[in-house]
Amino acid sequence: MPTVFAHALVPAAIGLGLGRRRIPPRLLLAGAMAAMLPDADVVAFKFGIAYADALGHRGASHSIVFALVMGALAALFRRSLRTTAMGAFLFVGLSALSHPLLDMLTNGGLGVALLWPWSEQRFFAPWQVIEVSPFAHRFFSARGVEVLLSEARWIGLPALLLTATLAVPRRLWERRQSR
């Protein structure tokens, strides 16, 4: 998995690129939380649930169904997120879905159960370019630095490019409208 913080880069890039009017701060925060939430499944280890189990790491919480549920919950809270139901559903749902898609790009682990509950098969992307993150007790090591550099290259730089790709036309449009 990429580090939990790297997962928040996708919604942050989209939110910053589209601006506060389209992605209010509360919605941006909800999207970032939804993008990080699937890794809460590591708690399953404490209850004796195996990694490869459907409820284990990279299992059900890394599925399309989980992302849809996150989007639906956000739609229910649209008023407090200061957006429309569809806006909340799409932004938070896609933010949650970005998590397993990034995990599929890593070079370790068992893959993600993207199609759970229909299938417990674990998937990887054809290109596994992101160094898999060590768990917490080994994170502050040379391996952890290697992972952070990999994330900067494969997640951070594309996120900056996405932000600029969305923000530049938006700002030009806003300037044009204010004239």
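Where is the place of Pro 117? Select Pro 117 and you'll land in the loop between H6 and H7. Keep in mind as you click around that this is a predicted model.

**Stop 1: the loop after H6**

Stay on Pro 117 and add Trp 116 to the selection. The peptide bond joining Trp 116 and Pro 117 is cis, with omega at about 10 degrees. Now pick Trp 118, which sits in the loop between helix H6 (85-103) and helix H7 (136-139). Is Trp 118 buried or exposed? Its relative accessibility is 69%, so Trp 118 counts as exposed.

Keep Trp 118 on screen and add Ile 64, Leu 68 and Leu 115. Together these four residues make a nonpolar surface patch of about 420 Å². Switch on a surface to see how the patch is laid out.

**Stop 2: H2 against H6**

Next, show H2 and H6 as cartoons. Two packed helices are described by the angle between their axes and the distance between the axes. Helix H2 covers residues 9-18, and its axis comes within 9 Å of the H6 axis, with a crossing angle of roughly 140 degrees. That angle makes H2 oblique to H6; the cut-off for roughly antiparallel is over 145 degrees.

Which residues meet here? Turn on side chains for Val 10, Pro 11, Ile 14 and Gly 15 on the H2 side, then for Phe 91, Ser 95, Ser 98 and Leu 102 on the H6 side: these are the residues in contact.

**Stop 3: the end of H6**

Move along to Asp 103, which is found in helix H6. Asp 103 has a relative accessible area of 0%, so it counts as buried. Draw a distance from its C-alpha to that of Thr 163: the two residues are 21 Å apart in space and 60 residues apart in sequence.

**Stop 4: two arginines with positive phi**

Select Arg 58, in the loop between helix H3 (25-36) and helix H4 (64-76). Its phi is near 65 degrees, a positive value in a residue other than glycine. Then jump to Arg 82, in the loop between helix H5 (78-81) and H6. Arg 82 isn't a glycine either, yet its phi is positive, at about 60 degrees.

How do the two fare for solvent cover? Arg 58 has 1% relative accessibility and so counts as buried, whereas Arg 82 is exposed, with a relative accessible area of 56%. Colour by accessibility and flip between Arg 58, which is buried, and Arg 82, which is exposed, to finish the tour.

Definitions and conventions. Residues are numbered from 1 along each chain as its sequence is written. This is a predicted model: local features need pLDDT of at least 70, side-chain atom pairs count only at pLDDT 80 or more; totals for chains, interfaces and linings use all residues. Side-chain values use heavy atoms; hydrogens and water are left out. Patches are made of residues with over 30% relative accessible area and no salt bridge: like charges are joined within 9 Å, nonpolar side chains (Val, Leu, Ile, Met, Phe, Trp, Tyr) within 5 Å. Accessible areas come from the Shrake-Rupley method with a 1.4 Å probe; for residues, only the protein chains shown count as cover. A salt bridge is a side-chain nitrogen of Lys or Arg within 4 Å of a carboxyl oxygen of Asp or Glu. Helices (H or I, at least four residues) and strands (E, at least two) are DSSP runs, numbered from the N terminus. Buried means under 20% relative accessible area, exposed over 50%, partly exposed in between (1.4 Å probe, protein chains only). Axes are lines fitted to C-alpha atoms, for helices over the stretch in contact, and angles run from 0 to 180 degrees between N-to-C directions. Angles under 35 degrees count as roughly parallel, over 145 as roughly antiparallel, 65 to 115 as roughly perpendicular and the rest as oblique. Contact means heavy atoms within 4.5 Å.
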